[in-house]
Amino acid sequence: MAFQLPDLPYAHDALEPFMSADTLQTHHGKHHQAYVDKLNAALGDDDDRSLEAVIQNAVGREGAHGVFNNAAQVWNHTFFWNCMTPQGGGRPDGALAEQIDADFGGFNAFRDAFKAAAMAQFGSGWAWLVLENGTLKITTTSNADLPMVHGQHALLTCDVWEHAYYLDHKNRRDAFLDAFLDKLVNWAFVAEQFERYSGTNAAEQAA
Ligand code: MN3
């Protein structure tokens with residue numbers, strides 16, 4: 001069963017002016033699609049594993065770098081689209097906000113640390129807010145690498161490959177990060193991930 005490119009959770013122009021339709025048409029329609037196509041070509045038609053299973057099986061395995069890179073990039077991009085929303089940005093509330101205060105010393109400290117980490121990622125990669133052993137952490141990964149293969153739960157990510165921002169911001173990764181953090185982050189989605197993995201959602205725990 002072949003993997004499919006998921007639809008964006010909003011219209012291509014819905015994130016303007018902070019992320020252009022041109023960027024999303026290229027990034028989703030060309031880059032993300034290419035990872036899906038290359039993954040399907042590598043796996044063949046009779047592979048019915050989940051994307052997560054493909055990633056975990058391929059990580060670090062000799063001869064499986066192409067499968068890992070394309071599978072992880074399919075996962076990363078799908079997650080990234082969900083981390084953004086029109087009229088996004090602002091701040092989280094509730095249990096997630098309390099844990100950000102506890103683990104980073106406040107939202108502004110979190111924001112500064114996330115942006116600094118994303119700025120410091122050399123070359124292509126991703127900046128993440130993750131939950132690891134009950135603690136929030138900011139991490140970065142290179143190329144296609146992702147938290148699930150490091151025992152971490154991803155809560156939020158920002159793509160810092162140049163293709164994520166070059167059409168809108170040229171070389172200015174800092175301007176892209178400001179737009180992402182202040183105008184695009186879907187904190188409701190991030191809070192859903194936090195509740196799922198932190199056990200603060202009693203209904204999900206019981207399920
Ligand atoms: Mn990308």
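Are Trp75 and Trp128 buried or exposed? In this model, which is a predicted one, Trp75 is buried, and Trp128 is buried as well.

Let me stay with these two residues for a moment, since a pair of aromatic rings is described by the distance of the centres and the angle of the planes. The count of aromatic pairs comes to 15. For Trp75 and Trp128 the ring centres are 6.5 Å apart and the planes stand at 35°, so this pair is tilted. Trp75 belongs to helix α3, residues 65-82, while Trp128 belongs to strand β1, residues 125-132, so the pair ties together parts that are 53 residues apart in sequence.

I turn now to the metal site. The manganese ion is coordinated by the NE2 atoms of His27, His77 and His163 and by OD of Asp159, at 1.9 to 2.2 Å. Along the chain, the donors of the manganese ion follow the spacing H-x49-H-x81-D-x3-H. Among these donors, His27 in helix α1 (residues 21-43) and Asp159 in strand β3 (residues 153-159) link distant parts of the chain, being 132 residues apart, and both His27 and Asp159 are buried.

Strand β3 deserves a word of its own. Six of the seven residues of β3 are buried, so the strand is mostly covered, and β3 pairs with β1 in the antiparallel sense over six bridges. If you want to find one of these on the screen, look for Leu131, whose bridge partner in β3 is His153.

Next, the largest pocket, which holds about 190 Å³ of space. Its lining consists of 14 residues, and those nearest the centre are Trp75, Phe79, Met148, Ala154 and Tyr197. The elements that contribute two or more residues to this lining are α3, β3 and α8 (187-198). By character, the lining residues divide into eight nonpolar, five polar and one charged. Trp75, then, appears both in the tilted pair and in the lining of this pocket.

Finally, some details of the backbone. Glu16 and Pro17 are joined by a cis peptide bond with omega of about 5°, and Pro17 is found in the segment before α1. Gln87, although not a glycine, has a positive phi of about 55°; Gln87 sits in the loop between α3 and α4 (94-104), and at 78% relative accessibility it counts as exposed. Asn133, in the loop between β1 and β2 (135-142), likewise has a positive phi, near 50°, and counts as exposed at 76% relative accessibility.

Terms used:
Residues are numbered from 1 along each chain as its sequence is written. This is a predicted model: local features need pLDDT of at least 70, side-chain atom pairs count only at pLDDT 80 or more; totals for chains, interfaces and linings use all residues. Side-chain values use heavy atoms; hydrogens and water are left out. Rings of Phe, Tyr and Trp (its six-membered ring) pair if their centres lie within 6.5 Å; planes under 30 degrees apart count as stacked, over 60 as edge-to-face and the rest as tilted. Helices (H or I, at least four residues) and strands (E, at least two) are DSSP runs, numbered from the N terminus. Buried means under 20% relative accessible area, exposed over 50%, partly exposed in between (1.4 Å probe, protein chains only). Donors are N, O and S atoms within 2.8 Å of the metal (3.2 Å for Na, K and Ca); water is not among the atoms, so sites may look incomplete. Two strands pair if DSSP finds at least two bridges between them. On a 1 Å grid over the protein atoms alone, a cavity is a set of points where a 1.4 Å probe fits but cannot get out, and a pocket is an open set with protein on both sides within 12 Å along at least five of seven lines; lining residues have an atom within 4 Å of a point. Grid points are joined across faces, edges and corners, and a volume is the space filled by probe spheres set on the points. Ala, Val, Leu, Ile, Met, Phe, Trp, Tyr, Cys and Pro count as nonpolar, Asp, Glu, Lys and Arg as charged, and the others, Gly among them, as polar.
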